[in-house]
Amino acid sequence: MSKTDDTSSAASSCSSGACGSCSSTSQPVDAPAIAGGKTYRIPTMDCSAEEAEIRRALEPVSGIASLGFQLGARRLTISAPADVLPTALEAIRRAGFKPEPVEAAAATSTASPSDGHEHGIGAGVARLGLALLVAIAAEGIEIVLPDTRATQGLGMVLAVVAIWLAGVETYTKGFAALRRLKLNINALMTVAVTGAFLIGQWPEAAMVMALYAIAELIEARSVDRARNAIKGLMDLAPEEATVQQPGGAWATVPVASVAIDSIVRIRPGERVPMDGTVTRGDSAINQAPVTGESIPVEKAVGDPVFAGTINETGELEVRVTAAASNSTLARIIHAVEQAQGSRAPTQRFVDRFAAVYTPAVFALAVAVAVLLPLLTDVTWLQGIYKALVLLVIACPCALVISTPVTVVSALAAAARRGILIKGGTYLEDARNLKAVALDKTGTITEGKPKLVDQKTMRDDAAAVLRLAASLAGRSDHPVSKAIAEGLNLEHEAVDQFSALAGRGVQGSIGGKTYVLGNHRLIEERGQCNSELEADLKRHEQQGRTVTLMADEQGVIALFAVADTIKPSSKAAVADLISLGVTPIMLTGDNEATAQSIASHAGIKEARGNLLPEDKLKAIEELQKRFGLTGMTGDGINDAPALAKADIGIAMGAAGTDTAMEAADIVIMNDDLQRIPTVIRLSRKTHAVLWQNISFALGVKAVFFVMAVFGTATMWMAVFADMGASLLVVANGLRLLKAKVEPPHAD
Ligand SMILES: Nc1ncnc2c1ncn2[C@@H]1O[C@H](COP(=O)(O)OP(=O)(O)OP(=O)(O)O)[C@@H](O)[C@H]1O
Ligand SMILES: [Zn+2]
């Protein structure tokens with residue numbers, strides 16, 4: 001991305017949901033300009049039910065990358081190509097809302113803590129507080145003062161004032177909905193309050209309106225709070241960096257103006273301002289903001305560092321590799337926000353349910369109002385009153401709000417552990433995983449094999465080894481790297497170098513062609529023999545990977561490399577099994593090595609000799625055999641298998657863009673124990689979701705019975721609905737602090 005690109009989009013993207021214009025704690029930061037987006041103010045959108053309506057309206061519009069809702073600010077950011085926006089806006093208007101574009105400049109300014117909508121909410125609180133007081137006064141007059149015309153008139157006036165203070169908006173939205181013959185919450189409340197007023201229950205009408213409006217406000221703020229939990233991470237990246245100037249002097253400048261390839265200096269105790277590669281010094285860095293892992297990681301020249309992480313011990317100089325708006329941290333935040341915008345299956349279910357439930361209760365209310373007086377000795381007024389109570393109960397707020405808060409909190413909790421879950425669907429599905437296919441190299445093992453044994457079959461051993469080092473030095477494959485590093489010899493020029501997928505490498509040195517690769521490659525070339533087989537067997541049974549070098553005449557050298565199993569892998573495998581998930585190892589390495597390493601890690605089933613396409617087939621087969629199957633990999637050469645699996649999990653993804661893009665769940669560090677953590681979080685989320693749904697519906701059921709047969713009053717119903725809303729929100733927010741670590745971890 002060019003520099004100009006970057007600054008031009010920064011203004012519009014900053015308020016675009018990528019950074020907090022809503023959370024009062026958010027700092028004015030340079031938001032990731034990855035997707036950008038256009039922000040609209042929708043004056044009549046402040047409740048999650050309205051959010052759901054807008055989402056439904058936008059569902060048929062194709063081409064929208066993501067939606068960022070900020071209920072507290074009544075804002076919606078749409079990330080979509082410019083030609084899709086008019087269609088999207090039209091759909092929103094058809095649903096009865098009036099989106100107003102927010103000017104880029106105004107949008108940016110709201111990113112500061114002193115932004116306008118905070119005042120808006122402040123004013124709202126004062127207004128609603130007043131409305132509540134006036135409603136209480138109206139109620140008090142009716143209870144305390146004698147029932148004269150004057151006191152009645154006064155009570156009525158106070159009620160009107162309270163309803164007006166608290167309910168203008170509900171009325172506006174309610175009438176708009178009724179005109180379109182739609183039954184949303186506002187329509188229900190409008191009918192209920194008006195009806196109560198008309199049958200002479202004005203203090204109650206006032207009370208209901210005030211309580212309802214207050215509940216709505218609290219709800220909007222809670223949803224925003226959950227949504228913004230992740231933005232706290234963004235504050236971690238410093239806004240300024242100490243950058244080397246052309247003359248060699250150091251200057252402190254805003255990160256947004258630091259170009260890629262600049263050299264920045266980071267003193268001990270400072271946070272890393274931008275992603276980069278260490279060019280000087282060494283230090284220990286706490287990478288918790290990115291990987292969720294707070295044990296410091298040693299960094300030396302050549303190692304990557306990430307914006308937002310904390311430099312603990314030494315001074316570092318770092319060459320910047322990504323613009324501030326495109327750092328790993330910014331990408332994480334952007335991805336989580338995008339995930340928050342996608343709806344989880346339970347959320348869809350609840351929305352569909354609410355869409356049926358509300359009209360059904362409305363019909364029932366009408367039936368009660370008409371049938372009860374006709375069939376029993378209930379009076380008309382009593383019948384209508386009962387019907388109005390039912391309408392209040394019909395408000396699906398607690399139900400509709402319970403899912404997004406829960407899902408969003410869980411996504412944020414995962415992000416804090418360096419786990420990026422790219423959508424509510426994966427969060428909800430993870431608990432049903434039956435099998436997980438694990439890549440060997442780098443997932444179960446450290447991925448840093450070492451050369452442990454070598455043998456040459458020619459007299460000129462030194463020359464052969466130099467050939468091997470030259471060929472191996474050209475490859476990035478961990479096995480080749482281990483050989484090159486282990487031999488540590490001067491390289492010769494290699495021509496016509498090429499990689500042989502799943503086999504090894506080939507190249508010509510001094511006019512002669514050589515190959516360096518595995519047993520399969522040598523078999524294919526017809527250069528294997530029984531002596532070689534015996535050597536191979538001996539090494540492979542010890543879990544070593546054997547690489548052979550051959551020229552046209554035959555095999556000229558053998559190298560054995562060994563990788564160590566990560567200490568955490570064993571625990572993670574045991575944990576997966578205890579959660580009822582079967583781990584299976586898939587590897588391109590040979591069968592014997594695979595078996596040896598698998599059994600050390602506690603994995604019963606291992607498959608070796610797999611080419612990338614074989615891994616794909618293996619996943620398909622596991623899906624047939626087990627059901628929901630996950631796949632872990634580094635996301636680079638495992639991309640097809642990651643995509644095929646029900647849940648593709650990329651490991652050790654910090655800094656690797658491809659992995660972050662390819663997988664459904666991205667684990668920033670390479671700790672396999674994060675997988676059981678995800679499954680536990682998924683189970684907890686599921687439990688909380690259904691606790692909330694059943695609680696919200698349970699409260700409604702109780703009040704329903706009370707309303708029809710007993711003595712529930714309207715404002716008891718509102719209290720119950722408000723109480724239920726607040727309880728489900730609190731229960732959902734609990735996930736932000738959920739304990740989902742394996743029992744043996746500390
Ligand atoms: N560039 C290379 N240099 C040396 N050996 C190679 C190279 N590429 C592949 N091989 C050999 O082929 C085998 C399969 O390689 P592949 O890349 O498919 O799997 P892998 O990534 O090593 O293993 P895993 O599937 O566990 O990650 C390796 O184990 C290695 O023996
Ligand atoms: Zn053989």
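**Group meeting talk: a seven-stranded sheet and its salt bridges**

Okay, let's start with contacts: if you take the contacts in the chain with a separation of 6 or more, 69% of them are between residues 24 or more positions apart. Keep in mind that what you see on the screen is a predicted model.

A few more numbers for the whole chain. There are 746 residues, and buried ones make up 55% of them. I count 27 helices and 26 strands in the chain. The accessible surface is about 30200 Å², and carbon and sulfur atoms own 59% of that.

Now, one sheet I'd like to walk you through. It's an open sheet with seven strands and mixed pairing, and the order is 14-26-25-24-15-22-23. Which strands sit at the edges? Strand 14, residues 419-421, and strand 23, residues 605-607, and each of those pairs on one side only. Going from one strand to the next, the twist averages 20 degrees.

Let's look at the strand 23 end. Strand 22, residues 582-586, runs parallel to strand 23, and three bridges join the two. If you want to find one of the partners yourself, click on methionine 585: its bridge partner in strand 23 is alanine 606.

So what packs on this sheet? One answer is helix 23, residues 612-626, which lies across strands 15, 22, 23 and 24. Its direction is at about 165 degrees to strand 22. Helix 26, residues 674-709, packs on the sheet too. That helix touches strands 14, 15, 24, 25 and 26, and makes about 50 degrees with the direction of strand 14.

Next topic, salt bridges. The structure holds 22 of them, and I've picked three to show you.

Here's the first pair: the side chains of lysine 455 and aspartate 535 meet with N to O at 2.5 Å. Where do these two come from? The lysine is in strand 16, residues 450-456, and the aspartate is in helix 20, residues 530-540, so this pair ties together parts that are 80 residues apart in sequence. Is each partner buried or exposed? Well, lysine 455 has 31% relative accessibility, so it counts as partly exposed. Aspartate 535 is at 10%, so that one counts as buried.

The second pair takes us back to edge strand 23. Arginine 607 forms a salt bridge with glutamate 605, and their closest N and O atoms are 3.0 Å apart. Arginine 607 is buried, with a relative accessible area of 16%. Glutamate 605, at 21%, counts as partly exposed. In case you wonder why 16% and 21% get separate labels, it's because buried means under 20%.

For the third pair, go to helix 23 again. Glutamate 620 sits in that helix and lysine 644 in helix 24, residues 639-644, so their salt bridge ties together parts that are 24 residues apart in sequence. The closest N and O atoms are 3.8 Å apart here. Glutamate 620 is partly exposed at 31% relative accessibility, and lysine 644 is partly exposed as well, at 36%.

One last thing to look for on the screen. Which residues form a network of salt bridges? Glu605, Arg607, Glu621 and Arg625 are joined into one network by salt bridges that share partners. You've already met two of them, Glu605 and Arg607, as the second pair.

That's my tour, thanks for listening!

Notes: Residues numbered from 1 in each chain as written. Chains lettered and ligands numbered in written order. Predicted model: local features only at pLDDT ≥ 70, side-chain atom pairs only at ≥ 80, totals over all residues. Heavy atoms only, no water. Pairing = 2+ DSSP bridges. Helix = DSSP H or I, 4+ residues; strand = E, 2+ residues; numbered from the N terminus. Axes fitted to C-alpha atoms, helices over the stretch in contact; angles between N-to-C directions. Contact = heavy atoms within 4.5 Å. Buried < 20%, exposed > 50% of the residue type's maximum accessible area, 1.4 Å probe, protein only. Areas by Shrake-Rupley, 256 points an atom, 1.4 Å probe, with all protein chains shown as cover. Salt bridge = Lys/Arg side-chain N within 4 Å of Asp/Glu carboxyl O.
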